[in-house]
Amino acid sequence: MDTLKAEKRDMLTTPKKLRREGYVTGNVFGRKIEGSIPVKMVRAEAERLLKGKNKGSQIILDVEGQQYDVLIKELDYNSMKGQYEEVDFQALVSDEKVHSVAEVVLINHDKLVGGIVQQVLHEIPYKALPAALVEKVEIDLEKLRVGDVVKVGDLSLAADKDIDLNVGLDEVVLSVTTPHNTDVEETPAEESADEKKGTAEK
């Protein structure tokens, strides 16, 4: 499992100042932690690890030598600056179920024949013990055709007895629709123009 190093941060120093100094700030909380632990991580190290992670990913957080098995609970990304600013972690306890999300990952885009994907859900919320946590669920677009609808109940997560879904099985994850036909869309306008022309000739 990937490890990220962190240091406890002094609450007298503002997160904004720490970010200017090249840190990502955050907090660690959990059932066996009193209150929370404010932390800071070197931005370069944090972003290198986070490049392949998402909310719901599980990592080891090394806080000054004390290692915590944690779940990434929140990610605050500044799109204007193109960098992470805040990351919150939940320290896991082996016998405690936690709320998390699995990212919906679409594969084989180039093998989808004659359709356009309309994705409704990008993550699936669920609850599970740490040993059963899932970071992502894949949907193979090669197997889909125009008119197909994928619901939560069709996903592998729904069949996992160790996972309690926090969304209905009938919720639509995505559908495959027919591409818009430019010629068809222009037809009403053309007909309208023809009607006006005919009216003018009268």
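The paragraphs below lead through the nonpolar cores of this predicted model and then through one of its sheets.

A good place to begin is the largest nonpolar core, which has 26 residues. Within this core, the residues with the most contacts are Ile 124, Ile 139, Leu 144, Val 173 and Leu 174. Four strands each give two or more residues to the core, namely E7 (98–107), E9 (123–128), E10 (136–140) and E13 (172–177), and the largest share, 4 residues, comes from E7.

To see how such a core is held in contact, the reader can select Ile 139 and look at what surrounds its atoms. Leaving aside residues up to four places away in sequence, Ile 139 touches Val 104, Val 105, Leu 106 and Ile 107, and it also touches Leu 144, Val 150, Leu 155, Val 173 and Leu 174. Apart from this core there is a second, separate one of 21 residues, which includes Ile 33, Val 39, Leu 49 and Ile 59.

Strand E13, already met as a contributor to the largest core, also belongs to an open sheet of 3 strands, whose order is E8-E13-E11 and whose pairing is antiparallel. Strands of a sheet pair through backbone hydrogen bonds, and they may do so in a parallel or an antiparallel way. The edges of the sheet are strand E8 (116–119) and strand E11 (149–151), each of which pairs on one side only. When direction is ignored, neighbouring strands of this sheet are turned against each other by 15 degrees on average. Looking at one pair in detail, E8 and E13 run antiparallel and are joined by 4 bridges, and Ile 116 stands opposite Thr 177 in E13.

Definitions and conventions
Residues are numbered from 1 along each chain as its sequence is written. This is a predicted model: local features need pLDDT of at least 70, side-chain atom pairs count only at pLDDT 80 or more; totals for chains, interfaces and linings use all residues. Side-chain values use heavy atoms; hydrogens and water are left out. A nonpolar core is a set of buried Ala, Val, Leu, Ile, Met, Phe, Trp, Tyr and Cys residues joined through side-chain atoms within 4.5 Å. Buried means under 20% relative accessible area, exposed over 50%, partly exposed in between (1.4 Å probe, protein chains only). Contact means heavy atoms within 4.5 Å. Two strands pair if DSSP finds at least two bridges between them. Axes are lines fitted to C-alpha atoms, for helices over the stretch in contact, and angles run from 0 to 180 degrees between N-to-C directions.
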